[in-house]
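Please look over the sequence and the fold before reading on. This report concerns a predicted model.

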Amino acid sequence: MDDKLLVNLIQGANRISVSRSTLYKLIQSGQIRPIRIGRSVRISVEELDRFVEQLQREQAEMDGER
């Protein structure tokens, strides 16, 4: 992706390779924090990176328990 700080929901879903509805569920559950600008909903690229890194840490912890 380019040097954008914020992406829309479709771009965010594409960035982490999930469907738009999955991204909505992640937002509703509080796992991803959106940014609202007026009526627009955006997600920071940094937030998406944080989410993926968290998943990687959790996976590594689970793999270490086996």
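The report covers the sheet, the long-range contacts of a helix, the salt bridges and the nonpolar core.

**Sheet**

Three strands form an open sheet in the order 1-3-2, and their pairing is antiparallel. Strand 1 (6-7) and strand 2 (35-37) are the edge strands. Each has a single partner, so one side of each lacks a neighbour in the sheet. Strand 3 covers residues 40-44 and runs antiparallel to strand 1, to which it is joined by two bridges. Across this pairing, Val7 stands opposite Ile43 of strand 3. In general, strands of a sheet pair through backbone hydrogen bonds.

**Helix 3**

Helix 3 spans residues 45-65. It lies across strand 1 and strand 3, at about 55 degrees to strand 3. Helix 3 has 21 residues and reaches 31 Å from its first C-alpha to its last. That is close to the 30 Å expected at 1.5 Å a residue. Its buried residues are Val45, Glu47, Leu48 and Phe51. What covers the buried residues of helix 3 includes strand 1, strand 3, helix 1 and helix 2.

**Salt bridges**

Three salt bridges are counted. Side chains of opposite charge can pair when their charged atoms come close. The table gives the distance between the closest N and O atoms for each pair.

| Acidic residue | Basic residue | Closest N and O atoms |
|---|---|---|
| Asp49 | Arg15 | 3.6 Å |
| Glu47 | Arg33 | 2.9 Å |
| Glu47 | Arg50 | 2.7 Å |

Take first the salt bridge of Asp49 with Arg15. This pair links distant parts of the chain, with Asp49 in helix 3, Arg15 in helix 1 (residues 9-15), and their positions 34 residues apart. Asp49 counts as partly exposed, because its relative accessibility is 33%. Arg15 is partly exposed as well, at 32%.

Next comes the salt bridge of Glu47 with Arg33. Glu47 is in helix 3 and Arg33 is in the loop between helix 2 (20-28) and strand 2, so the pair ties together parts 14 residues apart in sequence.

Glu47 also forms a salt bridge with Arg50. These two residues are three apart in helix 3, so about one helical turn separates them. Arg50 is partly exposed, with a relative accessible area of 24%.

Is Glu47 buried or exposed? Glu47 counts as buried, because its relative accessibility is 6%. Together, Arg33, Glu47 and Arg50 are linked in a network of salt bridges.

**Nonpolar core**

In soluble globular proteins, nonpolar side chains tend to be buried together. Here the largest nonpolar core has 12 residues. They are Val7, Leu9, Ala13, Ile16, Leu23, Leu26, Ile27, Ile32, Ile43, Val45, Leu48 and Phe51. Helix 1, helix 2 and helix 3 each give two or more residues to this core.

Which residues does Ile32 contact, leaving aside its neighbours within four places in sequence? The core members Ile16, Leu23, Leu26, Ile27, Ile43, Leu48 and Phe51 are among them. Ile32 also contacts Glu47 and Arg50, and those two residues belong to the salt-bridge network with Arg33.

Terms used
Residues are numbered from 1 along each chain as its sequence is written. This is a predicted model: local features need pLDDT of at least 70, side-chain atom pairs count only at pLDDT 80 or more; totals for chains, interfaces and linings use all residues. Side-chain values use heavy atoms; hydrogens and water are left out. Two strands pair if DSSP finds at least two bridges between them. Helices (H or I, at least four residues) and strands (E, at least two) are DSSP runs, numbered from the N terminus. Contact means heavy atoms within 4.5 Å. Axes are lines fitted to C-alpha atoms, for helices over the stretch in contact, and angles run from 0 to 180 degrees between N-to-C directions. A salt bridge is a side-chain nitrogen of Lys or Arg within 4 Å of a carboxyl oxygen of Asp or Glu. Buried means under 20% relative accessible area, exposed over 50%, partly exposed in between (1.4 Å probe, protein chains only). The expected span of a helix is 1.5 Å times one less than its number of residues. A nonpolar core is a set of buried Ala, Val, Leu, Ile, Met, Phe, Trp, Tyr and Cys residues joined through side-chain atoms within 4.5 Å.
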